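Student: I should like to go through the assignments in this structure and ask what each one rests on.
Tutor: Please proceed; each value will be set against its cut-off.

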Amino acid sequence: MKRFIACAGAVAIVLCGFQQANAVIIQSTFDASLEGWTVTDGNESFVAAGGNPGGYLETVDSASTFMIANAPAAFLGDLSALDGGTIGFDSILLKGSGSPQARFGEIAISDGITTVTQDIAGILPTDWTSFSGAFTAAAFSLGQGAWDTLLSSVTSITVILDATFGQGEKLGFDNFFIENDANGEPVIPEPSSLALLAMGISGAAGFRFLRRKREPSA
């Protein structure tokens, strides 16, 4: 039993040498409102049910230009912590008969000086579908240094919601998110932590050795 306790203490020390960081995520689920989202060249409205799941943003194309969803302030500012993560949304074509618009799902990110884009979708189906892409410099065709500068001060994020050519199509938009769960991986201890870890294990082993020497022989 004593040997078990000593070993358990060593294992506890090993586990303490690793840290688990929390995922970073910003998202709009549209379960109660539009959450600050607006649509350019489209008429947006909040629908309380029928999303994926729950509420969603519904928009109807009202102009010959691109219908664009504009992200609210929650998605702007310093997004550096999200680098290396994933960006995505859910959508559905509720009404539309024109030919498909290839730029549907194109996300644009800008800091007011540099603007980058990535098309994470394709032809929109008539069922709720999830689309996602990498939130990385390479995915947005930018060098890492310029990407770091952009992420430090994002001023706008937009999504093209035109699914077909012409006017009048109706779309549902739900669950927009940017997430970085890469920080959830175990962090390797620094050398100083490893030294303390080794001391702890050695101490536990030494404790077992001394206890065995002190015990009388049978």
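**Charged residues and backbone geometry**

Tutor: This is a predicted model. Let us begin with aspartate 174, which is buried and has no salt bridge.

Student: How do you know that aspartate 174 has no salt bridge?
Tutor: The nearest side chain of opposite charge, lysine 170, is 16 Å away. A salt bridge requires a side-chain nitrogen of Lys or Arg within 4 Å of a carboxyl oxygen of Asp or Glu, so a separation of 16 Å does not qualify.

Student: Where does aspartate 174 lie, and which residues does it touch?
Tutor: Aspartate 174 belongs to strand S11, residues 170–180. Leaving aside residues up to four places away in sequence, its contacts include Ser28, Phe30, Asn52, Pro53, Tyr56, Asp90 and Trp128.

Student: What makes the approach of aspartate 174 to asparagine 52 a polar contact?
Tutor: The side chain of aspartate 174 reaches the backbone nitrogen of asparagine 52 at 2.8 Å. The cut-off for a pair of N or O atoms is 3.5 Å, and 2.8 Å is within it, so the distance criterion is met.

Student: What kind of peptide bond joins asparagine 52 and proline 53?
Tutor: That bond is cis, with omega about -10°. Proline 53 itself is found in the loop between strand S3 (42–47) and strand S4 (56–61).

Student: Why is the pairing of glutamate 106 with arginine 103 called a salt bridge?
Tutor: Their side chains meet at 2.7 Å, N to O. Since the limit is 4 Å, the pair qualifies and is therefore called a salt bridge. The structure holds one salt bridge.

Student: Why is glutamate 106 called buried, and why is arginine 103 called partly exposed?
Tutor: Glutamate 106 has a relative accessible area of 14%, which is under 20%, so glutamate 106 is buried. Arginine 103 stands at 37%, between the limits of 20% and 50%, and therefore counts as partly exposed.

Student: What is notable about phi in glutamate 35 and serine 141?
Tutor: Phi of glutamate 35 is near 55°, a positive value in a residue other than glycine. For serine 141, phi is also near 55° and likewise positive.

Student: Where are these two residues placed, and how is the exposure of each one classed?
Tutor: Glutamate 35 is in the loop between strand S1 (24–28) and strand S2 (38–40). Its relative accessibility is 30%, between 20% and 50%, so glutamate 35 is partly exposed. Serine 141 lies in the loop between strand S9 (129–135) and helix H2 (144–151). Its relative accessible area of 65% is over 50%, so serine 141 is exposed.

Methods:
Residues numbered from 1 in each chain as written. Predicted model: local features only at pLDDT ≥ 70, side-chain atom pairs only at ≥ 80, totals over all residues. Heavy atoms only, no water. Buried < 20%, exposed > 50% of the residue type's maximum accessible area, 1.4 Å probe, protein only. Helix = DSSP H or I, 4+ residues; strand = E, 2+ residues; numbered from the N terminus. Lys, Arg positive; Asp, Glu negative; His and termini not counted. Polar contact = N/O pair within 3.5 Å; in protein donor to acceptor, adjacent residues only side chain to side chain. Contact = heavy atoms within 4.5 Å.
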